[in-house]
Amino acid sequence: GTDAQAGDFPWQVSIQSKGKHFCGGTIISSWWILTAAHCFVKQLPPDLTVVVGTVDLGQKRENKKLDSLILHENFDSESMENDIALILLDSPIQFSEQKMPICLPFISDLHVWKDCWVAGWGTTLAGIAVSASRVLQKVEMKLVSREQCLQWIPQLADNMLCAGLEEGGKDACQGDSGGPLVCTHGNTMKWFAVGIVSWG
């Protein structure tokens, strides 16, 4: 990926335990963060905080504590079906150009979405023990048709979608889980959370 600039992804948050990033998330309202359930499978990490309003985790940042965590009741950690969770913050986010909610999708047809991106503070090299990125990384993604995706991943569940490049080389990576797949549609210039980084 490439470095995101301040304000590029104002809905993106870093979910941290003991000051270290472990998953991404998305602001969907002043109180709620959307993320992946598998980030919390083993247990609720201690000292959980949500960092909002920054692309650089090395700079001064705003930390929010959580009030509660809700995992999808049908989340399956083996098949990864229903890999979705909500975090209720203990105080509301004050919106600004650096902190604002993403729109939630109202269309299920993949063909209408364009200009799709994934961003995260995850590792930048697959399979190599490197630390998470300090600066938010972004990569443009292409939505893949269900038919094509089923050829690559036969176990794909009905509530999953695929994004990526056939030739590979650009993808979400470890630590990007829970962050959004965001797209626009038409000429609205509004961004929608079309998916959540889960596995693959």
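**Long-range contacts and the nonpolar core of a predicted model**

Among contacts (heavy atoms within 4.5 Å) in the protein between residues at least 6 apart in sequence, 63% join residues at least 24 apart. The structure is a predicted model, in which local features need pLDDT of at least 70 and side-chain atom pairs count only at pLDDT 80 or more, whereas totals for chains, interfaces and linings use all residues. Residues are numbered from 1 along each chain as its sequence is written, and side-chain values use heavy atoms, with hydrogens and water left out.

The secondary structure comprises one helix and 13 strands, taken as DSSP runs (helices H or I, at least four residues; strands E, at least two) numbered from the N terminus. Buried residues (under 20% relative accessible area, 1.4 Å probe, protein chains only) account for 43% of the 200 residues.

The largest nonpolar core, a set of buried Ala, Val, Leu, Ile, Met, Phe, Trp, Tyr and Cys residues joined through side-chain atoms within 4.5 Å, contains 26 residues, of which Ile15, Ile33 and Val50 touch the most other members. Strands β2 (12-17), β3 (20-27), β5 (48-52) and β7 (85-89) each supply at least two residues of this core, and the largest share, four residues, comes from β5. Domain 1 (7-89) and domain 2 (113-197) both contribute residues, so the core lies between them; the domain bounds come from an automatic or database assignment. Residues up to four places away in sequence aside, Val50 touches Val13, Ser14, Ile15, Ile33, Glu62, Asn63, Lys64, Ile87 and Leu89.

Leu143, located in strand β10 (residues 143-144), is buried, with a relative accessible area of 16%. The C-alpha atoms of Leu143 and Cys116 are separated by 7.4 Å, although these residues are 27 residues apart along the chain.

Technical notes
Buried means under 20% relative accessible area, exposed over 50%, partly exposed in between (1.4 Å probe, protein chains only).
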